[in-house]
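Biologist: Please show me the chain. I have some questions about its contacts and its aromatic rings.

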Amino acid sequence: FSPVFTRGSLKGNVINMGTINAGNITLVGNEVRNLTSNGTKDVQGKYNNGSSLRIIGNKIFLDVEGVQNKKNIQLIGTSDVLGPTPKITVQMAMSTFKANGHKDWIEKNYSNNGQDLGGGTWYVDRIITIGAEGGWNDFANAWNENKGQTRSINEFKLISKLDFSGVDFVSVGKPNNSGFNKIFNGNGYTMLNITLNNDDASNNGVTGNNGTITAGIFNKIGGGTIKNLTIDTINANITANSADVLHFGAFAGQINGGNINNVTLNNINIKGTINYNSPNSGSNDMGYMGGFAGVINRGNIKNVSLNNIEQVFLYSNQTIGATLYVGGFAGRIANASGGSSTNINGVILNNIGKLRTDVRADWGAKVNTKIGGFTAELGSGNSISNAFLYYTANSFLMPALDSDGRLDSREYVHAFYH
């Protein structure tokens, strides 16, 4: 058929679930796509184009991995006279994105007749798929190093289970002002056997202070959406030796906005140590740790489950002046401010194990410590609803000894929050 048309003539859809073989391929329709579902899984259509691929439509979805010749692709948005603004979605694998310099090279334009280009506007969404452990680490490194167009990609999406057994893991959002703020769609898949170490921690210090050590699978979350993700087995041992402040959670060190929906963490065992100065040097160590997040400053969290919190343990080498806060979910939920707050709805903490703080043992130890089953500090102006905590006979809330103050440890622990 001819690629030339009149406005108002785009009535049909072209949904390619098979293979099209041709030197030059041109497709015209109201909606044109090569990725759809057969009811149980996605089906990718193939374009075996020896030379060029040209797609014209009001709604275009192109999975680049189904295109043989990826170098000569043209996507043209168009619309009826009173129709909606064209929407173009391009999806490609992280490996393809990386191989092309972390850039989207595909030509995009607008036409009202299939021949003349320009004269209109269109929306473009870009999706990067991650189907292997190396793909995750490539994504994390590209985000952390701000390579190419990485931080302007709309969505990153898992398309397979990732098992990091015996594989180094790279956390996302480590540099200053690099908190993840796009869409991460777990797509119902699981990431397994993640180990965090000091390489996954960051010090975002500024001139005049020692900074803050931040650690988590997502080191910092700065907005956006993280959804439909399961993480099974997180082990971590982080030492803050370049700053005296630690924000550390299994999922995120800091949450500074955004939406987190339908996320599950299983089997959490994390330990943080503040070891910046020699004992009693005058530095006041300050640590916030949680099974999910170290510090939550703002954001919307819904339908999150933590199952089998084996240990959340925070240690300081100071005997005087340390502030250590540990919570089953978060170390600290800050006060709402500037019209922004934290809103949590639908959280389950199942099988809570050891929530513990400790300091270097010495006579006259003086420590400011709090342990809360949900959070050690809950600021004002926030909302928590439908939160359920399940303790067992093996649940322990174990605060550091304050031998220079109150000796009754029950004054330092609360079943839900302080």
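Biologist: Among the contacts with a separation of 6 or more, what share comes from residues 24 or more positions apart?
Modeller: This is a predicted model in which local features need pLDDT of at least 70, side-chain atom pairs count only at pLDDT 80 or more, and totals for chains, interfaces and linings use all residues. Residues are numbered from 1 along each chain as its sequence is written, and side-chain values use heavy atoms, with hydrogens and water left out. Contact means heavy atoms within 4.5 Å. Of the contacts in the chain with a separation of 6 or more, the share from residues 24 or more positions apart is 78%.

Biologist: Is G290 buried or exposed?
Modeller: Buried means under 20% relative accessible area, exposed over 50%, partly exposed in between (1.4 Å probe, protein chains only). G290 has 0% relative accessibility, so G290 counts as buried.

Biologist: How far apart are the C-alpha atoms of G290 and G327?
Modeller: G290 is in contact with G327, leaving aside neighbours within four places in sequence. The two residues are 37 residues apart along the chain, and their C-alpha atoms are separated by 4.8 Å.

Biologist: How many aromatic pairs are there?
Modeller: Rings of Phe, Tyr and Trp (its six-membered ring) pair if their centres lie within 6.5 Å; planes under 30 degrees apart count as stacked, over 60 as edge-to-face and the rest as tilted. By this rule, the number of aromatic pairs is 20.

Biologist: What kind of pair do F139 and F180 form?
Modeller: Their ring centres are 6.1 Å apart, with 90 degrees between the planes. The aromatic pair of F139 and F180 is edge-to-face.
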